[in-house]
Structures are given as structure tokens and as C-alpha cells.
Amino acid sequence: MTRDTSDKIFYGCRCLLGLMFLISAILKFISIGSFESYVFSLDFFNLTMSSYLSRCLLFVEASLGCLLITTLYKKEVDILSFLLLFLFSSLLIYLVIIGEEGNCHCMGETFSFSPIQSLLKNLLLFILLFFAMKSKPFQLKYPRIILSLILLSSFVFSFAQLPVGFGNERETKFNVEAYEKLEQTQSVLQNVKKQELSFVCFMSVKCKHCKLAMRKLEVCLKDATVQPCVQWVVWGDEEGMNEFIKETGVKMQSHFFMDPVDMMPITGYNIPLILIFKKGELVSKMSNATFDDELCRKLLSEQVN
């Protein structure tokens with residue numbers, strides 16, 4: 001089909017909008033763990049639901065990006081694109097109202113956008129969509145087959161890394177004997193058992209899984225009426241610790257540093273390890289992969305009762 005100059009411009013806007021959706025999906029996928037933690041931090045859904053929702057958003061963005069460029073089912077895709085931008089913009093307005101200034105993860109962690117900056121970006125996307133809607137669709141053969149391929153490819157891409165709660169999670173390893181030996185030499189760990197509820201977190205300041213786990217724990221702790229005892233056992237140094245706090249935005253907790261040679265036998269050579277004690281008794285052990293937000297919230301609520 002021959003396109004005049006104005007229609008070429010309109011189609012160019014459509015391609016730019018489609019590419020923006022695709023780039024957004026790809027950048028979120030690159031840091032999918034951080035994105036799902038951010039969705040969880042909004043406190044609308046539990047961790048498992050947040051993990052699935054994060055991947056569903058990737059699927060929608062990737063699918064719409066491809067469909068915008070191919071002009072398949074143009075009217076329906078235009079409406080869905082408008083609704084997606086409207087939904088994202090409404091959430092951003094809410095974040096601005098409550099005073100949120102951190103990265104909204106619209107471009108993952110590669111590019112940091114505050115809610116206000118992301119709103120301005122969405123305004124540009126709305127303008128692109130306005131002109132994109134004026135473009136003429138291609139007359140493609142086998143549109144249903146192409147649609148099926150796009151949806152299948154987007155689904156495989158979005159769920160290439162399985163969400164939290166899918167299938168059987170790995171067992172969290174923990175060497176009780178090695179921990180008890182450490183406890184004998186660390187008075188702070190002895191004090192942990194004297195508390196109503198306490199969390200002991202073994203982690204590294206450079207470990208991305210540790211960063212994600214501490215973000216998840218922080219979300220559960222922020223709404224607790226009574227704050228439990230939280231003790232970090234850290235592989236790293238003060239400089240790395242300060243950078244860890246700056247990057248994750250979590251609250252600094254009581255901590256001491258430990259040589260990884262001594263730490264790893266306790267954690268089964270995997271980090272992070274989160275131990276939860278209630279009245280001195282170990283009630284749960286978690287990693288980033290096995291983090292149970294519902295159990296954490298239940299234990300925190302029982303402190304009040």
C-alpha cells in the first residue's frame with residue numbers, strides 16, 4: 001500500500017510508540033526481580049501476585065509494542081494502548097500525591113525515572129498515540145497466525161524467568177550447629193532470642209538477591225505497629241553497607257560484619273538467609289526465592305495481639 005507523506009509521519013509515530021513499549025518491557029525484564037519487588041512495595045498485592053502481575057505487564061507491553069508496529073487489529077490495539085497509558089499515568093499521579101520520589105521502574109533499573117518524570121514521558125507517549133491512531137493499517141496476510149506468533153513470543157519472553165510461587169521452590173539451607181557456634185561468640189545474637197520476635201539476616205552488600213530480599217522484608221516491616229528486632233550479619237564493609245542502603249532505600253538495621261569463609265557454612269553456601277525467631281525459637285528460614293510475605297505479616301500482627 002502506497003503511503004503519502006503525512007501517513008508516513010503518522011506511521012513513524014506508531015513505530016516510535018511501539019518501540020517505547022518494547023524497550024520498556026525489555027528493560028523491566030533485565031531487572032525483573034527489582035521490578036517485582038517494586039510492584040510488591042506498592043502494597044496492593046502479596047508477593048506471589050506481584051510477581052505474576054509484573055510478568056503480565058511485560059507481556060502486555062511487549063505484545064502491544066509488536067502489534068502497534070505491524071498495525072494488526074489497529075482499532076483494538078489503539079484502545080488497549082490508551083488504556084495502558086491511562087492506567088500507568090493514574091498510578092503515577094497517585095505516587096506523586098503520596099510524595100513518592102524514587103525510581104518508578106517504568107524503564108527498569110537501567111534508567112531511573114521519578115513519578116513526575118515518568119508522567120512527562122507518558123504525556124509524550126499520549127501525543128505519539130494521538131498521531132499513531134491516524135495511520136493506515138497494513139493489509140497483511142494471515143493476521144491471526146501473526147497475532148498468535150506475537151502473543152506466544154511475548155508470553156515466552158515475559159515468563160522466561162518463572163514467577164515467585166510457581167512450582168516447588170528450592171529448600172532454604174541452614175546449618176544449625178554452625179549458627180549456634182556463632183551465637184556463642186556474638187552477644188547481639190544471644191539477645192535476639194530474648195525478643196518477642198526477631199529476624200536475623202545473613203547477606204552480602206554486593207548480592208542482588210540480598211538486595212531484593214531486604215526490600216521485600218522492608219515492605220513487611222514498614223506497616224508493623226510494633227517493630228521487631230532485626231539483626232543483619234553482613235559480608236562486606238561500611239562503604240559497601242552505605243551503598244547498599246542508598247541503592248535499596250531500606251532502613252539501616254543493627255549489623256556486624258562477618259568473613260564469608262565463616263558465614264557460608266552457616267547459610268549452606270547460599271545467601272541471603274533470613275532466620276525468624278519467636279520467643280527464642282526458630283519458626284522459619286527463608287531465602288529471596290522462598291520469601292513468605294504472608295507469614296512475615298502474620299507474625300508481625302501477632303506481636304500486637
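L80 is partly exposed, at a relative accessible area of 46%. (Buried means under 20% relative accessible area, exposed over 50%, and partly exposed in between, with a 1.4 Å probe and protein chains only.) L80 belongs to helix α4. Its C-alpha atom is separated by 9.3 Å from that of V60, 20 residues away along the chain.

This is a predicted model, in which local features need pLDDT of at least 70, side-chain atom pairs count only at pLDDT 80 or more, and totals for chains, interfaces and linings use all residues. Residues are numbered from 1 along each chain as its sequence is written, and side-chain values use heavy atoms, with hydrogens and water left out.

**The sheet**

An open sheet is built from 5 strands, in the order β4-β3-β2-β5-β6, with mixed pairing. β4 (254–257) and β6 (281–286) are the edge strands, and each pairs on one side only. From one strand to the next, the twist averages 20°. Helices (H or I, at least four residues) and strands (E, at least two) are DSSP runs, numbered from the N terminus. Two strands pair if DSSP finds at least two bridges between them.

β2 and β3 run parallel and are joined by 7 bridges. β2 also pairs with β5, in the antiparallel sense, over 6 bridges. β5 (residues 273–278) in turn pairs with β6, again antiparallel. That pairing has 5 bridges. The table gives residues that face each other across these strands.

| Residue | Partner | Strand of partner |
|---|---|---|
| S198 | C229 | β3 |
| S204 | W235 | β3 |
| C201 | I274 | β5 |
| I276 | S284 | β6 |

β2 is mostly covered, with 8 of its 8 residues buried. L197, F199, C201 and M203 point one way from the strand. S198, V200, F202 and S204 point the other way. In a regular strand the side chains alternate between the two faces of the sheet. β3 is mostly covered too: 5 of its 7 residues are buried.

**Helices across the sheet**

Which strands does helix α9 lie across? Helix α9 (residues 208–222) lies across β2 (197–204), β3 (229–235) and β5. It runs at about 160° to β2. Helix α11 (residues 260–267) lies across β2, β3 and β5 as well. The angle of α11 to β3 is about 125°. Contact here means heavy atoms within 4.5 Å. Axes are lines fitted to C-alpha atoms, for helices over the stretch in contact, and angles run from 0 to 180 degrees between N-to-C directions.

**Aromatic pairs**

The structure holds 13 aromatic pairs. Rings of Phe, Tyr and Trp (its six-membered ring) pair if their centres lie within 6.5 Å; planes under 30 degrees apart count as stacked, over 60 as edge-to-face and the rest as tilted.

One of the pairs is F44 with Y94. The ring centres are 6.0 Å apart and the planes stand at 45°, so the pair is tilted. F44 lies in the loop between α2 (32–41) and α3, and Y94 in helix α4 (residues 74–97), so the pair ties together parts 50 residues apart in sequence. F44 is partly exposed, with a relative accessible area of 46%. Y94 also counts as partly exposed, at 39% relative accessibility.

F130 and F131 have ring centres 5.3 Å apart and planes at 80°, so this pair is edge-to-face. F130 is partly exposed, with a relative accessible area of 48%. F131 counts as partly exposed at 33%.

Ring pairs also link F174, Y179, F202 and F277 into a cluster. F202 is one of the buried residues of β2.

**Polar and charged contacts**

Is S51 buried or exposed? S51 is buried, because its relative accessible area is 0%. It lies in helix α3 (residues 47–70). The side chain of S51 makes a polar contact with the side chain of E36, at 2.8 Å. A polar contact is a pair of N or O atoms within 3.5 Å; within protein, one must be able to donate a hydrogen and the other to accept it, and residues adjacent in sequence count only if both atoms are side-chain atoms.

The charged end of K28 sits over the ring of F35, 5.5 Å from the ring centre. A charge sits over a ring if NZ of Lys or CZ of Arg is within 6 Å of the ring centre and within 35 degrees of the ring normal.
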